[in-house]
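The paragraphs below walk through a structure, beginning with a pair of helices and ending at a single residue. Please keep the 3D view at hand while reading.

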Amino acid sequence: MVKECMTFPCSVYLMKAVRMCLRNEENKMELESRVAVVTGAGSGIGRVIAQALAGQGATLILVGRREKRLRETAADCTNGEHDVQVLCLQCDVGVEADVERVRAAIAERFGRCDIAVNCAGVFRPKPGTLLHESDVAAWDAVINTNLRGPWLLLRALTPMMIAQQYGRVINLTSGLKHAAGHGVYSISKSALDALTKTAAQELKRHNILVNALNPGWVRTEMATNAPDDPHKVVPLALRLATLPDGEPSGVEYHV
Ligand SMILES: NC(=O)c1ccc[n+]([C@@H]2O[C@H](COP(=O)([O-])OP(=O)(O)OC[C@H]3O[C@@H](n4cnc5c(N)ncnc54)[C@H](OP(=O)(O)O)[C@@H]3O)[C@@H](O)[C@H]2O)c1
């Protein structure tokens, strides 16, 4: 009985470890042939996801407004064992012409796009501001970045994904939905969830899986007081980026 108690957990851990190694190897093989665009890649969650995808050999397009920050991420991405290609594109995701430039550059350079990770986001106005106190500039910045941006990118990249009958889209969502005092941001993330679910239904027949990733509360420029390291998001992000065909779509996954 004691023996059983001692050996059973060990074999479970061993099996888990073996499964993780195998999954890691599968991810590597899978991602070496993939082209991935990551928005908000100059900092925080976008940066660690970009680094992780590069670590598995993916070709990367890094998108954000501050070119210097994108270049720093690119330097990290090209540090690893893989000889990865990284393209930095300065872009405001809420601006149609900017997103069209991204689409055109991806089409010209790589001819395909397999993975889109929407990390670009802004958090305004300051917490505690009620909806009726929020200013129009904050509304426009938040809605344009957090909602219009992922829609513009989806609109731009979906024809490529349909042509190749493959796509994995990850939208960074939040636990702040219907949250008093965080109204504008909450509304942007609730609407992003609606976009995720709707696009998932529309695109599943083309083998394009659209899911939401809820990172919890992690320490970034947006959340300087958060308790957790952004790297905790990486395993789930890699899993969603490499979901096998037929896996769920339109789902909110929590770290
Ligand atoms: N941190 C958390 O606890 C937490 C929790 C829930 C959800 N999230 C979500 O996770 C995502 C990543 O946030 P984060 O925590 O990593 O914060 P972050 O470090 O502030 O990252 C946000 C990134 O978005 C970019 N960005 C902002 N506006 C943009 C625009 N209009 N066009 C292009 N890029 C833009 C910023 O770079 P530029 O200023 O250079 O453009 C920045 O690199 C966001 O969608 C956020 O809402 C975060």
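In this predicted model, helices H5 and H6 are roughly parallel to each other, because the axes of H5, residues 136-164, and H6, residues 183-203, cross at roughly 15° and an angle under 35 degrees counts as roughly parallel. Those axes come within 9 Å, and the crossing in which H5 passes H6 is right-handed. On the side of H5 the contact is made by residues including Ala-138, Trp-139, Val-142, Leu-147, Trp-151 and Leu-154, while H6 contributes, among others, Val-184, Tyr-185, Lys-189, Leu-192, Leu-195 and Leu-203. Sorted by class, this contact of H5 with H6 comprises 15 nonpolar, three polar and one charged residues.

Leading up to H5 is a loop that begins after strand E4, residues 115-118, and Cys-119 is found in this loop between E4 and H5. Is Cys-119 buried or exposed? Cys-119 is buried, because 29 other C-beta atoms lie within 10 Å and 20 or more are enough for a residue to count as buried. Leaving aside residues up to four places away in sequence, Cys-119 touches Val-38, Thr-39, Gly-40, Ala-41, Ile-45, Gly-46, Ile-49 and Leu-172. Gly-64 lies 55 residues from Cys-119 along the chain, yet the C-alpha atoms of the two are separated by 9.6 Å.

Gly-40, one of the residues that Cys-119 touches, also belongs to the surroundings of the ligand, where Gly-40, Gly-44, Arg-65, Arg-66 and Gly-121 come nearest of the 30 residues. Helix H2, residues 44-55, supplies the largest share of this shell, with three residues, and the shell as a whole divides into 13 nonpolar, twelve polar and five charged residues.

How values were computed:
Residues are numbered from 1 along each chain as its sequence is written. This is a predicted model: local features need pLDDT of at least 70, side-chain atom pairs count only at pLDDT 80 or more; totals for chains, interfaces and linings use all residues. A residue is near a molecule or strand if its C-beta atom, placed from the backbone, lies within 6 Å of it. Helices (H or I, at least four residues) and strands (E, at least two) are DSSP runs, numbered from the N terminus. Ala, Val, Leu, Ile, Met, Phe, Trp, Tyr, Cys and Pro count as nonpolar, Asp, Glu, Lys and Arg as charged, and the others, Gly among them, as polar. Axes are lines fitted to C-alpha atoms, for helices over the stretch in contact, and angles run from 0 to 180 degrees between N-to-C directions. Angles under 35 degrees count as roughly parallel, over 145 as roughly antiparallel, 65 to 115 as roughly perpendicular and the rest as oblique. A crossing is left-handed if the near helix is turned anticlockwise from the far one by less than a right angle, and right-handed if clockwise. Two residues are in contact if their C-beta atoms, placed from the backbone, lie within 7 Å. A residue is buried if 20 or more other C-beta atoms lie within 10 Å of its own, exposed if 12 or fewer, and partly exposed in between; C-beta atoms are placed from the backbone.
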